[in-house]
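Me: I am new to this structure and would like a close look at a single part: the place where the ligand sits, and how the parts of the chain around it are put together. Please take me through it in one connected answer.

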Amino acid sequence: MSLDKNRKIHIVDTTLRDGSHAVSHSYTVEQVTAIASGLDKVGVDIIELSHGDGLAGSSINYGFSATPEMELIRAASQVVRRARLGVLLLPGVGTIEDLKEARANGAQVVRVATHVTEADIAIQHLKAARELGMMPVGFLMMAHMAPPKKILEQAQIFVDAGAEYVNIADSAGYMTPDDVRARISLLVEKLPIPVGFHAHNNLGLAVANALTAAECGADYIDVTCRGLGAGAGNAQAEVVAGVFQRLGYSTGLDFYSYMDLAENVVEPIMQRPQIIKSAPLMLGYAGVYSSFLLHTYRAAEKFHLNPRDILVELGRRGMVGGQEDMIIDVAHALSLAKTEC
Ligand SMILES: C[C@H](O)CC(=O)C(=O)O
Ligand SMILES: [Mn+2]
């Protein structure tokens, strides 16, 4: 299928949210101000900013933020003029009270994220967002774990709760373009609201998958500068900008400014190159949640294990977001089994 070139593709830059995983939630006010104002000038539609695990993610389970996220949201809202400022919220991690605070600090969009089979826990948060005058979006994580029909049923719950678009996330970077096509095409065909897609690059397919999603009718595409994000990162923003521009698709992005922002502002704060090393590759291969990566590195070091072995076991057990505390249990069990051999 080829893309209707007159259709506007909305770019959602989540460097300041998914990228937060990759910098261990260490963003400072200065970094956020520089990145948010750069993204605003580049022409993205939504700038997503919060702890990597959403509002109130700062905790022993997910990792503490160096700077309170409300300070970061307020700082970004002071420099963002054209784009909409968004936050992520995982019901149970963040609450409606957190959402109200984010709104008071300038957030205009909220993506309420649930596991792909649990959309119903987002209903009250989506409704609250609308009452707060925010743009409510439903976000289904680990979308490789459910077939297209099940995803459609879950997306319909978001529609009924007032979501303005539904986003599906390849949280494990497991999907191939065919997997993306099957899911996005069905949602685009059946839903009365727009569809979005969030890729991870664990199998090196993030940009190809983002392009496939757009070609299948997704109107919202997630990206991050330099691909900065959990696991092997996300669809690299400046690459998506270049590919879409070369194909003549309408994104409203300034391709050269995006490259400069990634190179001059984001790259200097990266803690490691966003490349597909063995462990991130294993996330994609075994279908494991990308933000488990740094937790797994720490558990592997503690128990003298290869991170790959922990990830394969997490995949075998079907662990999903929110079960970060189980990584240490799995590592402990593997190390006991190793000693017994
Ligand atoms: C909380 C997660 O990091 C959300 C996300 O980006 C994904 O599922 O992928
Ligand atoms: Mn992600």
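Reply: What follows starts with the ligand, moves to the domains and the core, and ends with some single residues.

The model is predicted, so a word on confidence comes first. The chain has an average pLDDT of 96, and 99% of its residues score at least 70. Among the elements of the chain, strand β2 (residues 46–49) has the highest mean pLDDT, at 99, and helix α14 (residues 325–340) has the lowest, at 93. For the complex, the predictor gives an ipTM of 0.99 and a pTM of 0.96.

Now the ligand. There are 14 residues around ligand 1, and those that come nearest are D53, M141, A169, S171 and S291. Sorted by class, the shell around ligand 1 has 7 polar, 5 nonpolar and 2 charged residues. Where does ligand 1 lie with respect to domain 1 and domain 2? Residues of the shell come from both domain 1 (10–269) and domain 2 (278–340), so ligand 1 lies between them.

That makes the two domains the next topic. The chain is divided into domain 1, residues 10–269, and domain 2, residues 278–340. Taken over C-alpha atoms, the centres of the two domains are 25 Å apart. Where the domains touch, 20 residues of domain 1 are in contact with 15 residues of domain 2. On the domain 1 side of this contact there are 11 polar, 8 nonpolar and 1 charged residues.

The nonpolar core also involves both domains. The largest nonpolar core has 113 residues, and the residues with the most contacts inside it are I47, L49, A76, V110, L140, A210 and I221. Helix α8 (residues 206–215) supplies the largest share of this core, 6 residues. Domain 1 and domain 2 each contribute at least three residues to this core.

Two of the residues named for the core can be followed further. A210, one of those with the most contacts inside the core, is in contact with F197, A199, I221, A235 and V240, leaving aside neighbours within four places in sequence. I221, one of these partners, is itself among the residues with the most contacts inside the core. L140, also on that list, is a contact of I151. I151 lies in helix α6, which covers residues 148–160. Is I151 buried or exposed? I151 is buried, because 23 other C-beta atoms lie within 10 Å and a count of 20 or more is needed for that class. Besides L140, the contacts of I151 include V116, A143, A146, I168, R183 and L187, again without neighbours within four places in sequence. I151 and I123 are 28 residues apart along the chain, and their C-alpha atoms are separated by 16 Å.

Two loop residues have a backbone angle worth a look. A56 is not a glycine, yet its phi is positive, at about 65 degrees. A56 is in the loop between β2 and α3 (69–79), and it counts as buried because it has 23 C-beta neighbours inside 10 Å. R226 is not a glycine either, and its phi is positive, at about 60 degrees. The loop that holds R226 runs between β8 (220–223) and α9 (237–246). With 24 C-beta neighbours inside 10 Å, R226 counts as buried.

Two further residues belong to the partly exposed class. I193 is in the loop between α7 (177–190) and β7 (195–198). It counts as partly exposed because it has 16 C-beta neighbours inside 10 Å. I193 touches V159, A163, E164, Y165 and V166, not counting residues up to four places away in sequence. V159 and I193 are 34 residues apart in sequence, while the distance from C-alpha to C-alpha is 7.3 Å.

Y297 is in helix α12 (residues 293–303). Y297 is partly exposed, with 14 other C-beta atoms within 10 Å. Not counting residues up to four places away in sequence, Y297 touches A279 and P307. The C-alpha atoms of Y297 and L311 are separated by 9.8 Å, and the two residues are 14 residues apart along the chain.

To return to the starting point: ligand 1 lies between domain 1 and domain 2, since both give residues to its shell, and S291 and D53 are among the residues that come nearest to ligand 1.

Conventions:
Residues are numbered from 1 along each chain as its sequence is written. Chains are lettered from A and ligands numbered from 1 in the order in which they are written. This is a predicted model: local features need pLDDT of at least 70, side-chain atom pairs count only at pLDDT 80 or more; totals for chains, interfaces and linings use all residues. Helices (H or I, at least four residues) and strands (E, at least two) are DSSP runs, numbered from the N terminus. A residue is buried if 20 or more other C-beta atoms lie within 10 Å of its own, exposed if 12 or fewer, and partly exposed in between; C-beta atoms are placed from the backbone. Two residues are in contact if their C-beta atoms, placed from the backbone, lie within 7 Å. A residue is near a molecule or strand if its C-beta atom, placed from the backbone, lies within 6 Å of it. Ala, Val, Leu, Ile, Met, Phe, Trp, Tyr, Cys and Pro count as nonpolar, Asp, Glu, Lys and Arg as charged, and the others, Gly among them, as polar. Domain bounds come from an automatic or database domain assignment. A nonpolar core is a set of buried Ala, Val, Leu, Ile, Met, Phe, Trp, Tyr and Cys residues joined through C-beta atoms within 7 Å. pLDDT is the predictor's confidence in each residue, from 0 to 100.
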